[in-house]
Each structure stands twice: as C-alpha cells, then as structure tokens.
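Good morning, and thank you for making time for this presentation. Please have the sequence and the structure open in front of you as I speak.

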Amino acid sequence: MAGLSSRELAKLVGPTLSVMSLSELFHLHIWARNIPPVTYLNGMILFVTGLAILRIHNLWSRRWPLLLTLLAWGALLGGLSRIFFPAAKQAGESVYTYVFISLLLLTGLYLSYQGYRKK
C-alpha cells in the first residue's frame, strides 16, 4: 500500500477523534446556536480530511483498518452535508447525541490503541 500504513494513520486519527469527541461532550452547548459560515467551514474541513484519508487509505477489510475507511467516508459525507446545508439545525443535547459522541470517543481510543500498541 502506498502512503501511510493503517497503524500510522491510526496514530493520527485515534488521538484526534478522542480529543475532539471528549471536548464535544464537555461543550455540546456551543452548538445550540448555529452560525452558517462556521458550519460551512467545519464542513470543508471534514470534507478535505475525509477525502485525504480516502486517497491514501480506502481499505475494505474485515479487520480494524476498516474503521479508518468508514470514518473517512463519514467525514466526507458529513462534510458535504454541512457544505450544502450550513443553515440546517444542528443536533441538540439528547441521549442520541451523547451516545453518538461516546461511540466516536470509544472508536478514537480503540484506534489509538491499535496505532500505539506494540506489535
């Protein structure tokens, strides 16, 4: 495979996803007010990040590297939705939001483990 290995990519994506998810759990209230230009910028960042990861890691295996591919597709599609619908209502504080963010946190921790564990 050209580019980064799954382990090296997990060393970047895992901690980033963990920190992002944890900070969103603590600051979910900041999304109550939607600012379309900020949502648009967030969408561009998500889109570029997802596309960059897919360009170097579009692996459809049955092992843990599949998580990286699924996250990249999620970022790409989530970015597109924020780019084209920046004024749409954001997810509010609900059980579903907390469950989703918690799953992202656990995914980030798992990817961090896979990236930094000893072979």
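I shall go through helix packing, then a salt bridge, and then several individual residues.

One caution before the details: this is a predicted model.

Let me begin with helix packing. Two packed helices are described by the angle between their axes and by the distance between those axes. I shall give both values for each pair.

The pair to start with is H1 and H4. Helix H1 covers residues 6-26, and helix H4 covers residues 95-116. Their axes lie 7 Å apart, and the packing angle is about 150°. Angles over 145 degrees count as roughly antiparallel, and H1 is therefore roughly antiparallel to H4. The crossing of H1 past H4 is left-handed. As for the composition of this contact, 13 of its residues are nonpolar, nine are polar and three are charged.

I turn next to H1 and H3, the latter running over residues 65-84. Here the angle is about 55° and the axes are 10 Å apart. H1 is accordingly oblique to H3. This crossing, too, is described as left-handed. On the H1 side, the contact is formed by Ser6, Leu9, Ala10, Val13 and Leu17, and on the H3 side by Pro65, Leu68 and Leu71. Sorted by class, seven residues of this contact are nonpolar, one is polar and none is charged.

The remaining pair in this part is H3 and H4. These helices pack at about 135°, with 11 Å between their axes. What orientation does that give H3 and H4? They are oblique to each other, because an angle of about 135° does not reach the range over 145 degrees that counts as roughly antiparallel. H3 passes H4 in a left-handed crossing. From H3, the residues taking part are Leu67, Leu68 and Leu71, and they meet Leu104, Thr107, Tyr110 and Leu111 of H4. Six residues of this contact are nonpolar, one is polar and none is charged.

You will have noticed that Leu68 and Leu71 appear in the contact of H3 with H1 and again in the contact of H3 with H4.

Thr107 deserves a closer look. This residue belongs to helix H4. Is Thr107 buried or exposed? Its relative accessibility is 18%, and Thr107 therefore counts as buried, since the cut-off for that class is under 20%. Setting aside neighbours within four places in sequence, Thr107 contacts Leu17, Leu67 and Leu71. Of these partners, Leu17 was named in the contact of H1 with H3, while Leu67 and Leu71 were named on the H3 side of the contact with H4.

I now come to the salt bridge. How many salt bridges does the structure hold? It holds one. The partners are the side chains of Glu8 and Lys11, with a nitrogen-to-oxygen distance of 3.1 Å. Both residues lie in H1, three residues apart, so about one helical turn separates them. Glu8, at 40% relative accessibility, counts as partly exposed. Lys11 also counts as partly exposed, at 26%.

Let us move to a loop residue. Leu28 is located in the loop between H1 and helix H2, the latter spanning 36-56. With a relative accessibility of 6%, Leu28 counts as buried. Which residues does Leu28 touch, not counting residues up to four places away in sequence? They are Gly92, Glu93, Thr97, Tyr98 and Ile101. By contrast, Leu28 and Leu59 are 31 residues apart in sequence, and their C-alpha atoms are 32 Å apart in space.

Two further residues complete the survey. Leu109 lies in helix H4 and is partly exposed, with a relative accessible area of 47%. Its C-alpha atom is 9.4 Å from that of Val19, although the two residues are 90 residues apart along the chain.

Asn42 is in helix H2. This residue is partly exposed, its relative accessible area being 25%. Between the C-alpha atoms of Asn42 and Arg82 the separation is 7.3 Å, and along the chain these residues are 40 residues apart.

To close, I would return to the pair H1 and H4, whose axes are 7 Å apart, and to the single salt bridge of the structure, formed by Glu8 and Lys11. Thank you for your attention.

Conventions:
Residues numbered from 1 in each chain as written. Predicted model: local features only at pLDDT ≥ 70, side-chain atom pairs only at ≥ 80, totals over all residues. Heavy atoms only, no water. Salt bridge = Lys/Arg side-chain N within 4 Å of Asp/Glu carboxyl O. Helix = DSSP H or I, 4+ residues; strand = E, 2+ residues; numbered from the N terminus. Buried < 20%, exposed > 50% of the residue type's maximum accessible area, 1.4 Å probe, protein only. Axes fitted to C-alpha atoms, helices over the stretch in contact; angles between N-to-C directions. Parallel < 35°, antiparallel > 145°, perpendicular 65-115°, else oblique. Left-handed = near helix turned anticlockwise from the far one by under 90°. Contact = heavy atoms within 4.5 Å. Nonpolar A, V, L, I, M, F, W, Y, C, P; charged D, E, K, R; others polar.
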